[in-house]
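Reader: I should like to go through this structure by question and answer, with each criterion stated where it is used. Please begin once the sequence and the structure are displayed.

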Amino acid sequence: MSADAASAADEGAVAVEAPPAVEVEAAVEGPLDTARSSVAEGQLFSRPKAGGVHAGHRYNPGLDGIRAISVIAILLYHGGVTFLPGGFLGVDIFFVLSGYLITSLLLLEHDRTQTLHLKNFWIRRARRLLPALVLMVAGVLVLFPMLDVEWPQSTRGDALAVLFYVSNWWFVLRGESYAQAFEDPSPFQHTWSLAIEEQWYLLLPLALLVLFRSPGGRRVLGWLLAIAALASAGLMAALQSTSDGSRAYYGTDTRLQGLLVGAAFACFAVSPMGRKLLDNAVVAVLGWIGLAGLLVAFVLAAQADPRMYQGGFLLLSVASVLVVASVVGTSKLSPNVLLSWQPLVVVGVLSYGIYLWHWPVYLVLSPERTGIDGVPLLIVRIAFTALVSIASFVIVERPLRIGAPPNSLASPQVAGPIAAAALVAALVGVAVPGVAGIKEESADSVDSLAAVAADRTQGGTGANKILLVGDSNALSLFAAVRDDPGPDVNLSIATRFGCGVVPYTASVEGKPLSPEQPLCTDWAAVREMEIEAAAPSVGVLFAGSWEQYDRWIGGRTVPYTSDAWLEATTADYVQVLREILKYAPRAVVVLNHCHQVPDTGLPAATMFAAGRYPPVLNDAKRVAATNEAAKKAAATLGNKVAVIDPNPFLCKSGYTSELNGVTLRTDGLHLTTAGGKLVWGWLRPQLTATR
């Protein structure tokens, strides 16, 4: 999962010359009088006329155009559009824009008053962000369950983290990069970026109060912010190479780089030199270059590409700043004309609500529920997201932020009670699992598998010491029978949750999907020690679904149909079998078998991170390819390795969800407790016979 974006938190551009007090507030919140008249006239998305940065005008439609491009990229990326693997970078564009806008607002206020009114600033931010957020949380926890939608066990905890704006750290602690996305993605998975922005709004004014007292003025402040951005990027690179990818991706400290780049640019933009240079034609041309760079990144970047963590996100932030700089300038050569196109502006105005609602809407409108997929499903998802976002904007967001005529449906008198009711509903949903449609705790849940993987407690005390070596398929079998593996069996497991038997870089549609995660490379390093500690009489290697992917070797895709793929996969299986035979007199290979993973319509990278990419896992030819490699590996080591094929038992007539009246799978891939017991009853006699 995924995920995936940031909030479009601010509704207008900031003038670089200090305006009167009321204009400073309007710079981000939207001009009050014009907005009120627009609502009264029924022009829901009207904006005041744009003006140059020198004129002290309070709104620039080109910035809404930037927001629109960003949120459109996110919508398409989360919709599984394959030609935009870098659509997740819309988040970082939002970060840069927010960093620029908020910092400019605070700098202008300090120039005018020689202080910062923190209470007023934080109230404005809460008024802008909280009502729509609470409404979305209430909708997820109360409204969607009325449509028979069930959410994962973790959803209530996720909701609390969302409401307190700490969801990014919550997902880091929960290992959201893999385990949570595995079975059911959290409906709040996308809120990590909102949490980072809110933390920025809380900390930035406090930091500026300190920095304003330091000597050197605005120029030194800008340099300090730029250095902090470099430090954030450096920390991301360091953490990506030494820990699970979720820490580098979700961490506030690592993702601040975009916000800091925008903030550093704000220091330049509000200076006399900056005001002069922004109107230069060179800045306009650089804006076009930056915009082209963003579009190229949408097409070429990959979330799992380690280069993104080694300066890629910082480079993207710089390209975003070039676009922002050209838009806030007055040169007629800038991309402002394109970005001020009215349809883009409307999308930009709605972008906060669109971002809030799109992810839970996408999860609810899955291919399984709707019966459609591909482009038709994406159109339905976007249309429904747009309708909900418009309703949120008209009924709640706009009235509470800027007011509306008292007799209007979209008035504070209406929006206030709606927001209060949404808060109550959200809290009830958090407190009462039945209201929120939370799935009951089950031994078949992915959280249970994660717990089993963490402790790996042996089961049974029999003379046959059987060690299962494999991925989560082997783990689901172990979890089902660990408490009672049979009177003659001592059962143990050697695995890492979310890893194949040997780590490698997979490729889908010609692009690398994931580097070798530290969790998996660490497992590869200690696997032999775990096998030795188990001292098995029989070591069982499970050929698994992780090995079905094409491989990324030497900067190119090696397809599963090639001799090079067969050679590499065989070598991996041989390596593990040699480790088993070093400490066990016998080894067994259990071949791969059929799967039928449901398609959620999420991006390939998200599905791969969950080990659940349907076009690969459900491909019978790929299952056969892994089995060919496994059998070849067994033959390489002679008669010490036996081969057991479960396909005649589990897949005699293709994939089936039930066998002998027993439900086999939780998700088309992993065994249920009852299914695991059934499979173990078939497999155990064959394993003990090899002693």
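Reader: Which residues of the largest nonpolar core touch the most other members?

Author: The model is predicted, so local features require pLDDT of at least 70 and side-chain atom pairs pLDDT 80 or more, whereas totals for chains, interfaces and linings use all residues. Residues are numbered from 1 along each chain as its sequence is written, and side-chain values use heavy atoms, without hydrogens and water. A nonpolar core is a set of buried Ala, Val, Leu, Ile, Met, Phe, Trp, Tyr and Cys residues joined through side-chain atoms within 4.5 Å, where buried means under 20% relative accessible area, exposed over 50% and partly exposed in between, with a 1.4 Å probe and protein chains only. Of the 130 residues in the largest such core, those that touch the most other members are I66, L89, L141, F265 and Y549.

Reader: How many residues does the other core have?

Author: This core lies apart from the largest one. Among its members are Y573, V576, L581 and A633, and its residues number 33.

Reader: Which helix makes a right-handed β-α-β unit with β1 and β2?

Author: Helices (H or I, at least four residues) and strands (E, at least two) are DSSP runs, numbered from the N terminus. A crossover counts as right-handed if, with the strands pointing away from the viewer, the path from the first strand over the helix to the second runs clockwise. Between β1 and β2, the helix of this unit is α24, residues 472–481.

Reader: In which sense does β1 run with β2, and which residue of β2 stands opposite I466?

Author: Two strands pair if DSSP finds at least two bridges between them. Strand β1 covers residues 464–469, and 6 bridges join it to β2, residues 489–494, in the parallel sense. V469 of β1 stands opposite A494 in β2, while the residue opposite I466 is L491.

Reader: Which residue of β5 stands opposite V469?

Author: Strand β5, residues 538–542, pairs with β1 in the parallel sense over 4 bridges. In β5, the residue opposite V469 is L541.

Reader: How many residues of β2 are buried?

Author: On one side of β2, V489, L491 and I493 are buried, and on the other side N490, S492 and A494 are buried. Both faces are thus covered, and the buried count for β2 is 6 of 6 residues.

Reader: Which element gives the largest share of the lining of the largest cavity?

Author: On a 1 Å grid over the protein atoms alone, a cavity is a set of points where a 1.4 Å probe fits but cannot get out, and lining residues have an atom within 4 Å of a point. The largest cavity holds about 180 Å³ of space, a volume being the space filled by probe spheres set on points joined across faces, edges and corners. Of its 19 lining residues, the closest to the centre are F542, V590, H593, L671 and V679. The largest share of the lining, 4 residues, comes from α24.

Reader: Is Q114 buried or exposed?

Author: Q114 is found in the loop between α4 (90–113) and α5 (118–143). Although not a glycine, Q114 has a positive phi of about 65°. Its relative accessible area is 57%, so Q114 is exposed.

Reader: Is Y165 buried or exposed?

Author: Y165, in the loop between α6 (155–163) and α7 (167–173), has a positive phi near 55° in a residue other than glycine. Because its relative accessible area is 10%, Y165 is buried.

Notes:
On a 1 Å grid over the protein atoms alone, a cavity is a set of points where a 1.4 Å probe fits but cannot get out, and a pocket is an open set with protein on both sides within 12 Å along at least five of seven lines; lining residues have an atom within 4 Å of a point.
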